[in-house]
Amino acid sequence: MQRGAVRRARDLRSGPDTRRRPLPAVSALALSLAAVALVAAACGSSTPAAAKKKANSTTTTTATTVPTITSTTTASAAPGTTTTAAKPVVHTPTPAATTSSTACSSSGGALSTTCDTKSPSLQVNGAGANSIQPFFTRVFYYYNQANHGVSVNYSPAGSSVGVSDIEQGTVNFGDSEIPIPAPATGTSGNILQVPVDLGGVALSYNLPGVNGGLKLDGPTLAGIFLGTIKTWNNPAIAALNPGVNLPSTTIVPVHRADSSGPGYDLDQYLIDTGGSAWTSSKAGTTPSTKWPITTVGVGEQLNTGVAGYIQQTPGAIGYVEYAYALQASFTNAALKNQAGSFVTPSQSSIAAAGAQASGLSASNFNIVNGPGAGTYPLANFSWTLVYQKQSNTTLGVVLGKLLDWVTTTGQQQAAALGYSPLPANVVSLAHQTLLGLENSAGKPLFS
Amino acid sequence: MAPTLLEEVPPPRLTPVGGVKEALQRRSARPGGRAYTVVRWSGAVLFAAIVVALVVSLLASSSQAFAHSGLSFFWSGTYNAAKDIYPTGVFILGTLITTAVAIILAVPIGVGTAAFLSEFAPRWLATPLSVAIDLIAAVPSIVVGLWGLLVLQPIFTRHVEPFMKKIPVLEWFFHGPALGPSMFLAGTVLAVMILPTIVALSRTSMSAVAVEDREAARALGATRWQVVTTAVVPGARTGIEAAVTLGIGRAMGETIAVAMVIGNNYALPHSLLSPGATLGSAIINNFGEASPGLDRASVIGLVVVLLVLSALVNVGGQLLMRARSRVVGATT
């Protein structure tokens, strides 16, 4: 009797304890779930580098779908080949790799042709422009198919990252939409700048009921991005587009929150054509990769962020690399070019802009607002950056061959993705630049 | 029997922890203890050194920015690297607003959920639910950010934000066009991120409230709900406060998830629906491309401001709580 009372009292006292003790089955389940959680936590947030990479891969994952979407014939343009490099580390090749290629490298080889096509097994690391990523993903995949040994990791973190990474020597090559101003040097000396693709920047908009090809000129575009033109039926836009039924939707201009090559091109175009309203607002006539007007509209990260926002938001207009606009089937504005005609971005109109580039070089790279009636005004070459002196001969030879392939055979892949093949004079500029590659002793790698 | 046992196992010497020298002397007889002392002290010193080095190096690398901008580092104009103008006021404001939104959303829901789990939910539901909540805490912020961007943003633009505009008092905070990315959306995403922390810590401290307190409340005729409000929540207050402090810390420091949903507009926000920017999002957007020199120094200056702001909010919050508990103690 008394014992029973005591037990009851004890039960009462320790009530919450027993409540919290789970049944064996439940606790086993809880334990295993907790283990999963632990693993997830460890994978998800172990290193800042991983976290940063994750940030980049927000675009990577979406962007790498480009090849599979646009090409139905070669649907296997494996995204896996170029994506998941962690922030590239300084390359240390295996000794085996160094010896296996001496046949080609020691005697100096011919660039792009005879010298045995079998490259040593190497991993090449690069970082840079986000805009070129769809193109690189595809050409590096095909190069890997042709030369099984060479795989390329490309981290599309942005042009400025490409420049700083090559300057600090943390990657084998960088890529930037804007070449490094002379003198282009880094920790390992002189940097060669090779034009590798020709792309354009689309002004894409989401305006239900209005087709593509809405005509815009410099001052109107400046007004939109400065926030002075607020609705789509503004008289300035209506005057350029007689006969188009413009809705009164509010305009939401979208810019890149990070710095970007497309932003640089549009800034250059608006400096050339946008009038004093633009130059006085941004205070200067030097184009910048960082979008100058940050107090108007919405800022999104990378091409994918801007493209995603345009897709979601009626009334939005923003600038994206044409390859991204093409992939998303956006409606693009027809921009007024230097000759006074309105041109939409397309493979041919961007190619026309590239064809105007006479005397192109890393210091004379600007092809924005070029001459010619069929020329699309927002176009640019993308530049790959490599050190002239390659301390590792094997790697130097592989890089040279890879880039020569990209600028010649690889250009066949450009059109389907929304880029335009390099004009012949630019291909030869690339070839001449690559012939400048040297080994550590200063002897040319190729002849 | 007992004496032999005592001889075999000498009782542990319970000596107070002193300085390094004393500890070494005390432990000198036993090499293992000595090694442990060295490890223990060097660990403590290393930790302190890392914190000091962090602050010093941040200050050193940002001193150029503070020298250049002076007090105008906190206001005047729009952040523009091309013009060498680096005001942080908008970012500070954005950080405080998004954090406030997150706390306002997450604290009632979090504490309520914790109370439900610890007091009301049957055991078969409470255990798996707690595990699920702990799992949310392990989701990396980039995932939450993507979810906010791809899932929440369209819902907010079409349904939630127009709805908020119709609510009589709240409409004052929610005016202007619903563009999608906004301070409000960023605050909501932050609330989701800090919710598991608040729930887990509050639940633990609520479970730890003494049974006698609940029994006392019940004995006075309290309903189940009144037991929670009069006995459990006050008893667990310290734990709940710690949970909120941790939540504030995470919300203020979050970068990538916020940068994805806030709209990165550097203008002064006029409504919770405006796109904006926080210190964290500005750091992540500007640091990668900041050119060495004043530009980079200014971005590191943002980091210093964030550090100071977090410290201020934490200290301020603690002082507030201490003052409040004193008032409560005096009145009851």
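**Entry 1: strand S5 of chain A**

I began with S5(A), a strand that is mostly covered, with 15 of its 17 residues buried. I noted the cut-offs for burial: a residue is buried if 20 or more other C-beta atoms lie within 10 Å of its own, exposed if 12 or fewer, and partly exposed in between, with C-beta atoms placed from the backbone. Helices (H or I, at least four residues) and strands (E, at least two) are DSSP runs, numbered from the N terminus.

I wrote down the ground rules next. This is a predicted model, in which local features need pLDDT of at least 70, side-chain atom pairs count only at pLDDT 80 or more, and totals for chains, interfaces and linings use all residues. Residues are numbered from 1 along each chain as its sequence is written, while chains are lettered from A and ligands numbered from 1 in the order in which they are written.

**Entry 2: the partners of S5(A)**

Which strands pair with S5(A)? I went through them in turn. Two strands pair if DSSP finds at least two bridges between them.

- S4(A) pairs with S5(A) in the antiparallel sense over 2 bridges. A hairpin of 2 residues joins S4(A) to S5(A). Here I found Thr185(A) with Asn190(A) in S5(A) as its bridge partner.
- S13(A) pairs with S5(A) over 9 bridges, again in the antiparallel sense. Gln193(A) has Leu385(A) in S13(A) as its bridge partner.
- S9(A) is antiparallel to S5(A), which covers residues 189-205, and 5 bridges join them. Val201(A) stands opposite Glu321(A) in S9(A). Ser204(A) stands opposite Gly318(A) in S9(A).
- S10(A), residues 331-332, pairs with S5(A) in the antiparallel sense over 2 bridges. I met Ser204(A) again here, opposite Asn332(A) in S10(A).

I added a reminder on strands. In a regular strand the side chains alternate between the two faces of the sheet.

**Entry 3: strand S9 of chain A**

I followed S9(A) further. Strand S7(A), residues 252-256, pairs with S9(A) in the parallel sense over 3 bridges. Val252(A) stands opposite Ala316(A) in S9(A). Why is S9(A) largely enclosed by the rest of the structure? I checked residues 316-321: 6 of the 6 residues of S9(A) are buried, so the strand is largely enclosed.

**Entry 4: helix H9 of chain A**

I turned to H9(A), residues 159-167. This helix is mostly covered, with 8 of its 9 residues buried. Among the buried ones I listed Ser159(A), Val161(A), Asp165(A) and Ile166(A). What covers the buried residues of H9(A)? The cover includes S5 of chain A, along with strands S1 (122-128), S3 (173-176), S4 (185-186) and S13 (379-387) and helix H12 (261-273). Just after H9(A), I saw that Gly169(A) takes a positive phi of about 70 degrees.

**Entry 5: confidence in chain A**

I looked up pLDDT, the predictor's confidence in each residue, from 0 to 100. Chain A has a mean pLDDT of 77, and 73% of its residues reach 70 or more. Over residues 1-109 of chain A, pLDDT stays under 50. The model has 134 contacts beyond four places in sequence for residues 1-109 of chain A. Two residues are in contact if their C-beta atoms, placed from the backbone, lie within 7 Å. Residues 112-117 of chain A also stay under 50 in pLDDT. I put a caution beside both stretches. Where pLDDT is low, the predicted coordinates should not be read in detail.

**Entry 6: chain B**

I counted elements in chain B: 13 helices and 0 strands. Its mean pLDDT is 84, and 87% of the residues score at least 70. Of its 332 residues, 39% count as buried. For the complex, the predictor gives an ipTM of 0.74 and a pTM of 0.74.

I then examined one helix pair. H4(B), residues 89-120, and H7(B), residues 183-207, pack at an angle of about 35 degrees, with their axes 6 Å apart. The axes are lines fitted to C-alpha atoms, for helices over the stretch in contact, and angles run from 0 to 180 degrees between N-to-C directions.

**Entry 7: Val90(B)**

Val90(B) is found in helix H4 of chain B. Buried or exposed, what is Val90(B)? I found it buried, with 24 other C-beta atoms within 10 Å. Leaving aside neighbours within four places in sequence, Val90(B) is in contact with Tyr266(B), Leu268(B) and Ala277(B). Val90(B) and Leu279(B) are 189 residues apart in sequence, and 8.6 Å apart in space, C-alpha to C-alpha. I checked Leu279(B) as well, and this residue is buried in H12(B). In H12(B), residues 279-287, 8 of the 9 residues are buried, so this helix is largely enclosed by the rest of the structure.
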